[in-house]
Every structure is written in C-alpha cells, then in structure tokens.
Amino acid sequence: MPALKVGLQKLVDQLRALQKCFMSMEEPVNMNNSEDADSDLSTHRNRSRSSFDEGSLYISCTRPHSLVDPGKPYSSHSPVIKTGWLDKTPPKGTLIFQKRWVTLDAEFLRYYQNEKEVFSKRFIAVSTIADVLSVGEQKFEVVTKNRTFLFRAENSAVRGEWVAVLKETIQQLCSNGKTRSPSLSDAGGDSRGEKQGYLEMNGSRSKLFIVVSADRVFLYLNSEDRSQGIGITSIDMNMGSVKSTDPRAFSLNTCYKPFSFVAETTQQRDEWVEAMQACIGRSLSSDTVVWSVWVEESNRRCADCGAEDPDWASVNLCVVICKCCAGVHRSLGQSVSKVRSLRMDEKVWTDSLVQVFVQLGNDRSNLFWASNVPPSETIRPSSNNEERQNFIKTKYCQRKYRQYHRLFGCQEDLNKALCKSVQTGDLLETMSLVFCGADVNCSTGDPDVPNPLCIAQNYGRKLLEEFLFHNLNTEFPGVQDVERVIPQVAVPIPHAGILFKIGSTTRAVTERKGKGDFSQRWCTLDKGVFKYFDGEKRAHPCGEIKMSDVQCLVVNPLGKHGYLHTFELYQISGRIHLFGADTPDSVQQWIETIAKAIVPPEAEGMASWSFERVGRLRYTEGPNPHCPRACWVAAGGSTLLVLLHGTDRPESIDLRKLQELCVQPEPGPVVLVDRGRTLRLEGDRRADFPGWANSLQQGAGRGDGPLDQQQLTGTDVPVIVDRCLGFITQYGLKSEGIYRKAGVQSKVTALLSSLCLDARRVQLTEGEHKVDDVANTVKRFLRSVREGVFDGEQASLPWLRTVALSETSRRISQYQTLLASLPPVHQATLGAVINHLYCVQCFAEENKMDAHSLSIVFGPTLFQADGTDKSAGQVVEDLVQHYQAIFDVDAEHVKRQIEMISHIITAKEDRPDEETRTICGIYLEVKEEGSELLVQVSQKTTATDVVSEVLRRRNISSQPEDYWSCFLVNDKDDMERPLHYQEQVLPVCFSLDKDCHLVIKKNDYMKTILTCTDGWVNVTRNGHVQFCEEKGQRAKGSFSKRYCVVTATSLEIYKTPKSNHPEKDCHLQALKVYCGIRKKLQPPSSWGMTVVWTQDQHEMHRWYLCCESDQELTDWLATFFFLQHHGDLWPGTS
Ligand SMILES: [Zn+2]
C-alpha cells in the first residue's frame, strides 16, 4: 500500500515541485479591474489606485478537478452552508446583471467568477452583515454598515432560501458569541502572528492591503475595507512557500498559483517573508488537518457524545470523536477502532483520508452507526466513563444501533455488492456493506483485480481505497444482531380523520384511561408519516410519527380504556402512543392503514388480517443462534403469522399445536418449537415485548378456555384429552370398573390443574399416576370445559333428540349430519373420546365396562348434564356401538388398532414389575470364555453397582483414573456405549440380543471427556460431520457432509449451515450415543459414532456421524454426554 502511505509531507513536496513548474512559466496574476463594485450602491470611492476603482479583483485560477470536491470552495475553512448561482447587480451604467457563483459559510459570503474558481472576487464577513432584506423582483439586499450589496435570485423560492439562510447564519454567529476559527481573526478575532500592510502585487502595479492571519493571507483593496470586513479573497497557506526574488520583491507560491509582491524596502520584504513563512508553518502544522476535517460541520461535534470541537478520529470507523470518547475507542483495541489524533498523527492524514472524513462526516457516518439509538441510551459530553464505555461498545462492537443493510446475513450477496459499490465509488454504501459483514478481503474471482482494494485502485477510487485500507483488519467482537431493517413499505395510502389521543409515554399503558384523558386530534397518514393536529385546519401538527419508526401496532381488547376501541403505536425510539375512538369502522380503517404503512409488501396480508398486534421482532432459528435477524410478526387468537428473513410471504403457525412454548424471564427470548423447528423471538427489553410474550402464551392455549382454545395435538385433539386417554389405553384397559370407579379427589384436582396450566409439560407415568385418577381427570375436564364437546347447550339439543328416532339407520345418518356441523376441534375431540370408549368396551371382559356401562358414565359427562335425562347416555351408547359407521372409520383400521393395543398390554404384562430381578451375564474386559460373571440385577441396580460387584468379585482394586465402567457392546455393528454411572442396568439387560452384551472395562473416553468438559456451562456444539442414515435395517445411501447442531435439548442435522430447516431434529434425551460405526458401511474415517433414536417405541433410526479427527470425535461425544446428563459425568466430578 505505498500509495496510501504517502503522508502529508510527501504530498507537499510533490506540490512544491509542481509549483516550480508554475514559477518557471512566470504566469502573471491576471488582475482584471472589472465590473461590480460600482453598483454596490457604495459611496466609498477612496481607492488607493485607480485601477481598483471597481473594487473587485479577478485572480483567474480554476482548481484541478481531483483535488477538491466541486461545490466546496477550497478556501473555506468553515463549513459551507449554501452555494448557488445568483445575479450580481449590474455595474454602474449598464443594465446587465452578472452571473456569480456565491457561497456562504459561517464566516464569509463570497462570490466567484464561476464555480470552478479558487479565488473569490469578493468576500463579505458575515459578522459585518447588519441585515438581509427581500426587495422586489426576486432580489435581496445584503446590508453592511457602510454598503449594500444587491443580488437577484432565479426565482422567489431561491431568494427566500438565501435570505433565510443568511439571516440564520448571522443569528448563529451572534448567539455563538465567539469566533470558532482562527481565520475569523480577520474579522476581528485571533491575531496570532498577524502582519498587515500595503504591498504592491506584481503584474498589477497597484498596492493591496495584505493581512497575514493565522493560516491564511487575506487580500483587501485597502485598510478601510479591511475594517469593514469586505475583502477580495484569501489565500490558503497550507502547501505554500515563500521566496525572496530581488531586494524588495518576493513570491508566494501556492499549489494553485504563484503571487509576486513588492515591498517598500528590503527590511520590509524580509518582515513579510518571515510572517508568511510563519503562516505557512502554522497551516502546515496539524491544525490544518483539524480544520480540513472540520470543513464538514458535523465533524465539529463528537460522533458519540456530541462534545464540541473534537480533535480525534477513528480512521477505520470514520467518526470524529472527542478526547474522552477516543480513550474508550482505544480500549477496544486497534482491531476494532484505529484512533488517531487530528492534531498529532499527521502522517496518517493523507488528503484522501481527509476527504473521506469530509465526504462522510459524523452526520452521515451516524446515519449508519446510530440510526437507532434509544433516547435513554444516548450519551452527552458530561456522561460518566461507564456510560460512555457502554454506549461505545454497544455502538461499535455489538453494532446495535446501526442501519442494517438490506443484504445483511447473505455473505455472498454482501461481497458482490461491496465489489460493485467500490467500482461506483459510493462511500456510504461501502461503509454500510463493510460494517454489515461484507468481507473486505473477499475474492472477486478476477486474477487481475483479486479483491475490493484492487478494484478501488483499478477504478481510481482513492477515497474508497483509503477506507478499505484502514479496514483490512477490522474485527468486530461481540454479538452481531439485527435491530432494524427499514422495510420497503406497502403502498402508502393517504388517510385522514379524527382520533382521540393520549400524550405519548415511554412505558406501556397498563392502567385504564378514561375518556377525559384523551384529546381530540385530527390525524393524517400520508407518505409514511402519521401526523396529528389540534384541529383539521391547523397548519402545524402537534406531532408526527414516521411509520418506519413504528415497531409495533397493538389493538387493545374492546373497552380496555374509556373509548371502546383503542390501539397503541410503539416507536423504535421508545415512545408509545395510545389512540381511541368509539366508532368501530373508522378505528378499524386506521388500524389497517397504519399496519399497511409499517409492514413490507410481502407481509401486506398481515395488515388486512384481524390481528391483535403486528410488528417487527428479532429472531434466531436453527444452527446459528448468535445472529438474530429481523422478522415481521402478527398475532391474533391462536394464530401467529411470521414473515421470516428471506421469505416472500408470511407463514402461519398454530400456537395451540406448538410442541413447546417457553417464555423465559426478561430479557430472555420466547422459544417456540413448531413442527420440529425451534424459533427464538428476542425481546431486548423493549416495551412492547411483554405484550408479545403474553399474546403468544394466550394463543398457545390454556386449560380454562373452550375446546378450541386448548393446547392441541396435530389431529386437533386437546392435549389434556389425548394424554389422559393415551395413559388409560396403556395402563387402564384391563382395570376393572375403569371410568366408573372414583379416583382420589385431591389427586384428580391437582392433576387437572397442572394439565390446565400446561398440558405438554405433564408427563403421566405409571408409577406416579393411578389409572382411576387419570380417568376421573379426563371426565372432569370434559364435564367442565367451556361449551363442552357439543359446542354449547343449544347445539347439543338436536343430538339428544336424535335418540327418539326408532330406525337405527336414520339415527346414524342424523348423527353424521350433526357431527359434520361441529367445529373441527369439537369433531376431533368427540371422535377421539368415542374411539377410546370403543376400545375400552372391547376389553369389557376384563374391565367390566361395556358400551352401556360406559355410556351411563359418559352421557352426563359429555353433555355436561346431571344424569336425569337418560337420552344423553343413549346418544353415547349409539355413538360407541355405531362408531365405525358414524365416524366413517375403516373396519380394518379399527381391527389393527385393537390388535396393537392388545400387543402393548401383553408386552407390558410380560415385562417385570418393580420386584423383578434377573440374572445377567456380564463380562470383564472382553467377551471370552471364563470372563463372564453372573450378576443379579434389579430395577434399582445402577451401572456403578454392577461395576463394583464385578470388581469386588474379581478382587480388582479400582484406581480413580481407571474410570471402570459398564459398556453395552454390539460386536456385530462394531459399536459400544458406556453406560452412565447412574444408568439403570435392568432395561439394558432386557434389551440385549444375541449380538449385544455388557462388559465391565476401563473407560478410556472418560478421562479425555472429563478434561475437555472441564469448566463447561451452557454448551452447544455445531459443525460439519459425514452423515449416513439407517432406518429399519437398511442403510440409506452413503456418507455425505452435513451440518450438525447439538443444543441443550436437541440434535439437529442440516444440509448446510445456511439451511433454514433441519433434515433431522430430535430430542436429545431420546437418543443413545454409541462410539463406533459398523465397518460394513465403510465409514470415511475411523472416528465415528452411532446415534440411535427410538421414536414412538416402535420406529428405530440409526444415524452414523463420522468426524475428521480423534479430537473432534471426543468433542462430540463429550457434548452429548455432558448435555444428556446435565454435566454430571462421573461421581464426584460434577
Ligand atoms: Zn465524545
């Protein structure tokens, strides 16, 4: 990067060489005593030389294109506020206005021959302007103490702008009450190194009043002009040089033009030369950098805390910062922020780098870095160090407040876009790309221009070259996240009308607001801005809300506040607005219109849906939990619509059917498991998030609602019903008097309430729950659930009347009609209950409950009646007896179901009960003759028990580092599994077949696993493995690369790390992990493991995972082992 390392000094040298060329050309200053002063309405005619009668001087010199941004006069030391073409009053005696390029900065109003000129024809110090007046025909007067300058604008709008901006600038200068720049010295401030006096300027033969100021030389016609603040031009002395040329003359060479002056005496000449050299020295000192960077007004306030006149900068992050903030930036390390002084680190400040800072400026940089800073988190110059540190770390390490690039998250697209933006030279876009993840070192695929930096060089994009150079090694520690994606909103629809509003707050409105708290507002929504006015005719709104700043729209339940219909808007900036009205139509229209204005076009469907809340959230899913993305979400009832990143339409999630919903305490996420996929929605302590969590919990189903608001299974049956019926099917079909016998009331009550709270969390187990308690629990649920199974008392009457029909076939067809008219969840629930009763009565021989006995119990239960009406029982008996016909169930299907149930029951009966013991052959070290010991195993026997029994009998003293363990070894499949020390051995004994046996041996894995898991807390692991699957007995395909993710709860296998949905997803606890892979499968390496997943007791899956090294295998095994046993791996080590 030699080109970029060119320091200021080198540049100066080059320019000086250039000047020598200029000098040798001996180009005289073209002094053109033209035109305009006469018409200044000036009475001032006291010129020292007649050739300057006209009062202005034309020093022809246009600036080279590459050096300065056009439109920004080089000579301006303070920010340019306004530029443009204006007509200057015609010179005396003519009528033709002269077009002039006019610029205004905080110090001077200047005009130039044209926009390319370096030297102004005239400048007027802002401090001397007394007033600015609009006069006729788009003209305006700039009035100073002694003179009035007349300008004419193209139209009255432009004139208005100039007048307004001039007045404001004067005002600001007055209110500042101080001069901010040394150059203002010439308007009467700083007088460092000043020298003034008349000098003859070569080529003009006329004397000018010259003022050598701090870092510039000002040219005036005479001293009087100087005192009035009206001059010709100023010469920037940076990159200048002074040389004596003869006893009285000397030349001032600037990078643009040489000037020759003649003094009265040699002594005077020497004084002038000395003064000018000192001036050049000052301007070459690092002040130049400060002032050059401050040319951009926003660079005069610290990008982080707003402190004035910051003289430090982060050269890679492109922000100008104060000394205090610079200290914090330093502490982040060079790889995050390269801190340089604007005064002391001269070498780094190449002209390109200065231009990068001038072009971007703190305002534009902060458009990116601080697009979304909550007011509560902003810092001030007076903020303490801790606040400062937090803010700066959050801003630049976590990059929490940044503006997200639309390609965020798509590495390839980001890189491509970077290459493109470097070509086009778009600095802000490049910055946004780089700090949103585009790789500065990415490969372009083109050997001639292999990376973005080369592209910049190739296309001559000096500024980008500079920017990229400083970011070649920039790193961003900390969590990446997505706070905000500015959406392209759906077509904005203008809308207006009356709403009632409460003054905005920063906390969610929890208390009821009466009508008196609201004020009537005339509201409009147009072009993405919502405004509210005191009245319809008012010109100025009381306030406005940008729709892009709305992160959540909440529709309150009817009557939550004094107005029947109310809704709330949550702004990203933290404000919350509550609106209301009594007219449902108008409120509904507003809600829909606002929703349309905030969601992206892909989510427009959400806006017209009857949501309770809609807004954006951040989420993570699948294998990359550290990179949250933005999504759009709408919630209503039990439905959640989600528009995930990169998808083109919202998908619908039935919250009732979630496998899991976990609302963690703030600031934790809400975790949803839907159809095997895990979605984590993050709250970030936002005010609207508790509402989301609550809405999701309500939608996910609670036991106190009607059937269709319960947690549901995939077949629309409430989980409560499904769990209980399943338990009875497994354990209660042969229990005499099942459903007739009473359970223990307190247990039934407790079980029902825990099921109602969260049915999915309740595991019914044989040891813990008694069949009669469970039977009575489901009965009580069905009897008390709101609206019942028949969807209300009214709807249940036709069912009861049906029994009066004498013909069976007519009754069946009537039941079919009624069934079809039930809502889906009711239909499914009734079907599940009747199917269950049908199965129960199939085992009537054992349980003594035939269809009639069951219907006596279930008639009043299902109809929620007291039992006096016998028809309820008759309906149930009909339904059970004609189950197949009424529910249109295939006879074969029913037969298979009953067979399966019988099979399960028999299998259970054959299995040992709690008292069972068995004798199991266990081998010591290897399976061979003589190594087998017969050990008695009961249900309570753990692996540790077996190990110590065997070692004791063989007289082996166990050393701690031996980690003697019990292994389940499968010789045929070349795999083995060390039993956890607390694992029960009995089930393992019963599972043994001819290929498997138990072996007690030293556990070589344990030592490495214990070493590697030392200090682990919340571990997850992901990475590539070679994967092969086996279902049943046949291996499917061969090994291929997959991305494997193990979390605290699950194992997920993805095709690639970028895949949205896992190919495999199962609960970690349902897995058995073996070391080794069947050799017949020809695994690609010898470091493999076999994962056995038993699904629904019947289906067994085997997954083979192969690693690239022994260490990798150990890591995976350790992760599985650690998570499955919650870190308790070996006695006394957890
Ligand atoms: Zn600061």
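Here is a short chat about strand S25 and about confidence in this predicted model.

Visitor: Is strand S25 largely enclosed or not, and how many of its residues are buried?
Guide: Start with the two faces, since side chains in a regular strand alternate between the two faces of the sheet. On one side sit Ile576, Leu578 and Gly580, on the other His577, Phe579 and Ala581, and all are buried. So S25 (residues 576-581) is largely enclosed by the rest of the structure, with the buried count at six of the six.

Visitor: Which residue of S25 is the bridge partner of lysine 501?
Guide: Look at strand S19, residues 495-505, which pairs with S25 in the antiparallel sense over four bridges. The partner of lysine 501 in S25 is phenylalanine 579.

Visitor: And which residue of S25 is the bridge partner of histidine 565?
Guide: This time go to strand S24 (residues 565-571), antiparallel to S25 with six bridges. Histidine 565 has as its bridge partner in S25 alanine 581.

Visitor: Which residue in the turn between S24 and S25 has a positive phi?
Guide: S24 and S25 make a hairpin, with four residues between them. In that turn, the residue with a positive phi, about 105 degrees, is glycine 574.

Visitor: Which element of the protein chain has the lowest mean pLDDT?
Guide: The chain averages 81, with 85% of its residues at 70 or more. Over residues 177-192, though, pLDDT stays under 50, and it is also below 50 over residues 477-492. Where pLDDT is low, the predicted coordinates shouldn't be read in detail. Among the elements, strand S17 has the highest mean, 95, and the lowest, 43, belongs to helix H1.

Key:
Residues numbered from 1 in each chain as written. Predicted model: local features only at pLDDT ≥ 70, side-chain atom pairs only at ≥ 80, totals over all residues. Heavy atoms only, no water. Buried < 20%, exposed > 50% of the residue type's maximum accessible area, 1.4 Å probe, protein only. Helix = DSSP H or I, 4+ residues; strand = E, 2+ residues; numbered from the N terminus. Pairing = 2+ DSSP bridges. pLDDT = per-residue confidence, 0-100. Contact = heavy atoms within 4.5 Å.
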